[in-house]
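Work through the exercises below with the structure open. Each task is followed by a solution in steps.

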Amino acid sequence: MIVESPAKAKTLEKFLGKDYKVMSSYGHIRDLKKKDFGVDLDNLNPEYEIPDDKLALVKSLKKNANDADTVWLASDEDREGEAISWHLAQVLGLDLEHTKRIVFHEITKNAILEAIKAPRTIDVNLVNAQQARRVLDRIVGFKLSPVLWKKLKPSLSAGRVQSVSVRLIVEREREIEQFKAESSYKVEAEFETTDEKGQKIDFRADLNTRFKTEEEARKFLESIDGKTFTVADISKKPTKKTPAPPFTTSTLQQEAARKLGFTVSQTMMVAQRLYESGFITYMRTDSVNLSTLCLGTSKEEIIAQWGKEYSKTRNYHTSSKGAQEAHEAIRPTYISNHEITGNAQERKLYELIWKRTLASQMADAEIEKTTIKIALDGTDYDFTANGEVVTFDGFLRLYHESFEEEEQPDDETRQLPNLTVGTQLQPVALQAMERLSQAPVRYTEASLVRKLEELGIGRPSTYAPIISTIQQREYVTKGNKPGEKYQFHILKLSKGKIKESTKAEVVGQEKAKLIPTDIGVVVNDFLMQFFPEIMDYHFTANVEKDFDKVAEGKTDWKKVIKHFYRDFEPMVEKTMSDKMDHKMGERVLGIDPKSGKPVSVKIGRFGPVVQIGSATDSEKPRFAQLKKDQSIQTITFEEAMDLFKLPRTIGEYEGAEVTIGTGRFGPYVLHNKTYVGIPAQYDPMAVTLEDAIELLKQKQQNEEQKHLKQFDSEPELEVLNGRFGPYLRYKGANYKLPKSIDNIEGLTVEKCLEIIQAQENRAGSARSHRAKTAKS
């Protein structure tokens, strides 16, 4: 039996007897050629190759397959898993008609044995859907990337789904940049009353309108001094809260991010381990269905834990088609297992899945919502107090769903006093507080997944790679925004007088948000201008629907690719031949007063730069790298010119000049051809000669500690101290020192060369083995 991961193989071996041998393919055993285009554009046939590091594995799999009576292909049950099985069958020379393909959405003994009773053949439609995705993405990546190299910057790359994801993040950033906060004044009244026992109860009510200016708020407070407040209406409305469905891939990623602080990739990695260990069902799914067995065991568990009144069986149904995915939600394989063995991350994620699954089968929470309207006599204004009381906790006893910050429910969870209509109240305090309108919120990994799913872009198996890729390509960075301190005005009415005060708050602070880089913005703008169809949300979503049709056997996959390529190739050719008047994203900031040359910002070979002069000038332009916290979108002329204050000479040391400069990797001290990076706590413009000498001495000391031993008779041989301990360097190559060597001073040239020769011999033997394997 061949599966795709060694952990899965290990778990399966527990359930299968001695007649079975379970081996792992370690994922795909072949893929599109890496160095070449990998697709024959005449007939759209993919060109596959087995990577060098898989050759020995393929040989072993072939030998075992030939020796076996039956080969079972048991990779995961989505398109990716089907493609892995198909590639195995092709490479191992298995007969597709007679090879037994089995799938299961949980790794339990019962599920495995049931799957073995009902094997099927490889579903070529699912394989073709996966091939269509790989081929289309390869065409987009290999055709678009050279355009970016020529028009923008070397080493850039583009992808069909990744580029659209970057577009979402860039557009949100621009919404934030264009947003102008407006202030208004919110009026609050605090009342005091007594309950049946004579105890004091405080509660707050808000005015039904906000004032645009401080003057309006002040006039209002002055006008209501001494007026009577009367309870005009009390409404009590019983309502219910229903639990969320069990987890799909995207909802698990979102909730794990909000509750546990996991990244999307981290969630999938931990979930994969839980699945392969047999603790949860398959984790790539857009289904919310639960098996009949799960419904039954959940009911038993809930009744045993909390009683019959807490149980309510629900059959959830998936609204999206998602034919590629598993047919059940993510759930524990055994509901009776409240906890599992594993590391802290695995235990936390399992607990989250267990609670969500069980909560989905629990009774609604019953809530009584109360709204009190308090009229202000002689005016059209009234104050409103909201509160709610949970009369039956239901599923809330076990699980509370989290929300993104912009989606937080406004429900007040406090309890209000028992009042009657007509009761007159006197406010204990009345105040108008200045508030600011809120800018749109940047995407988190979780909210981006939700948006992609909402737009129909990508599928459960693609969310994590998408988000990882756009960060690895440095189109998007995950970071914090510090926010700004704002002084809010407060007007408080007390004893007929208005007292003024201020309250300082930080507004706009954000953590772990996805922020586009300058390169990400420029690439996005370029693609939006020249390849609008590729960047269109509907186009990307429709491609996913086409893949679904291929998976269902309703359309030919090559037909989908041909239709796309017919329109795409002319766009590429036209863009390559078009001349651009200026570089995309380039901004002219002003004129350098010293040289009279233009000062501009753009994306250079090594990232965002300021340039003084033009490429057509007889003199070469001068360049300065932007600082990490600067952007070509927002940098000012003054800030740009400050970057040219370096390099500056600050004095002499040991007969040579000491210079402070800045380069691709940040500010540095230069002395006698020695460069020392300047730590972040120093301001390069304020570094003194004494500071620089200290940094130079520190580097010299570090270098001395690094060079443990040299040999006069063999100048190219040296013992160095590295990150992982001492090692040998000889003729530019590094060699490990055996752990048994504990006396560095006692090492001789002969002993060092002996160690090096032994490692060379082992490496040569390994190379020879790989070469023989490749020939066979």
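A charge sits over a ring if NZ of Lys or CZ of Arg is within 6 Å of the ring centre and within 35 degrees of the ring normal. Keep in mind that this is a predicted model.

**Exercise 1. Charges over rings**

Task: Find the ring under the charged end of Lys259, then the ring under the charged end of Arg167.

Solution:
- Step 1. Start at Lys259. Its charged end sits over the ring of Tyr399, 4.8 Å from the ring centre.
- Step 2. Go to Arg167. Here the ring belongs to Tyr537, and the charged end lies 4.0 Å from its centre.

**Exercise 2. Aromatic pairs**

Task: Classify the pair Phe211 and Phe220, then the pair Tyr275 and Tyr282.

Solution:
- Step 1. Recall the two descriptors. A pair of aromatic rings is described by the distance of the centres and the angle of the planes.
- Step 2. Note the total: the structure holds 18 aromatic pairs.
- Step 3. Take Phe211 and Phe220. Their centres are 5.1 Å apart, with 35° between the planes. Planes under 30 degrees apart count as stacked and over 60 as edge-to-face, so the rest are tilted. This pair is tilted.
- Step 4. Check burial. Phe211 and Phe220 are both buried.
- Step 5. Take Tyr275 and Tyr282. The centre-to-centre distance is 5.1 Å and the angle between the planes is 65°. This pair is edge-to-face. Tyr275 and Tyr282 are both buried.
- Step 6. Look for a cluster. Ring pairs link Phe191, Phe203, Phe229 and Phe383.

**Exercise 3. The second largest pocket**

Task: Describe the second largest pocket by volume, lining and residue class.

Solution:
- Step 1. The volume of the second largest pocket is about 770 Å³.
- Step 2. The lining has 29 residues; closest to the pocket centre are Arg133, Arg134, Asp137, Gln162 and Pro465.
- Step 3. Assign the lining to elements. β3, α3, α5, α6 and α13 each supply at least two residues. The largest share, 9 residues, comes from α5.
- Step 4. Sort by class. The lining has 11 polar, 9 charged and 9 nonpolar residues.

**Exercise 4. An open sheet**

Task: Which strands stand at the edges of the open sheet of 9 strands?

Solution:
- Step 1. Write out the order: β14-β11-β12-β13-β10-β9-β15-β17-β18, with antiparallel pairing.
- Step 2. Read off the ends. β14 (424-425) and β18 (497-507) each have a single partner strand, so one side of each lacks a neighbour in the sheet.
- Step 3. Inspect one edge. β14 and β11 (residues 229-241) run antiparallel and are joined by 2 bridges. In one of these strands, β14, Gln424 is the bridge partner of Thr230.

**Exercise 5. Unusual backbone**

Task: Locate the cis peptide bond before Pro647, and place Asn672 and Lys731.

Solution:
- Step 1. Recall the norm. Most residues other than glycine have a negative phi, and most peptide bonds are trans.
- Step 2. The cis bond joins Leu646 and Pro647, with omega about 5°. Pro647 is in the loop between α18 (637-642) and β24 (648-653).
- Step 3. Asn672 has a positive phi of about 50°. Asn672 lies in the loop between β26 and β27. Its relative accessible area is 57%, so Asn672 is exposed.
- Step 4. Lys731 has a positive phi of about 55°. The loop between β30 and β31 holds Lys731. At 53% relative accessibility, Lys731 is exposed.

Note on methods: Residues numbered from 1 in each chain as written. Predicted model: local features only at pLDDT ≥ 70, side-chain atom pairs only at ≥ 80, totals over all residues. Heavy atoms only, no water. 1 Å grid on protein atoms, 1.4 Å probe; cavity = no way out; pocket = protein on both sides within 12 Å on 5 of 7 lines; lining within 4 Å. Points joined across faces, edges and corners; volume = space filled by probe spheres on them. Helix = DSSP H or I, 4+ residues; strand = E, 2+ residues; numbered from the N terminus. Nonpolar A, V, L, I, M, F, W, Y, C, P; charged D, E, K, R; others polar. Phe/Tyr/Trp six-rings, centres within 6.5 Å; stacked < 30°, edge-to-face > 60°. Buried < 20%, exposed > 50% of the residue type's maximum accessible area, 1.4 Å probe, protein only. Pairing = 2+ DSSP bridges.
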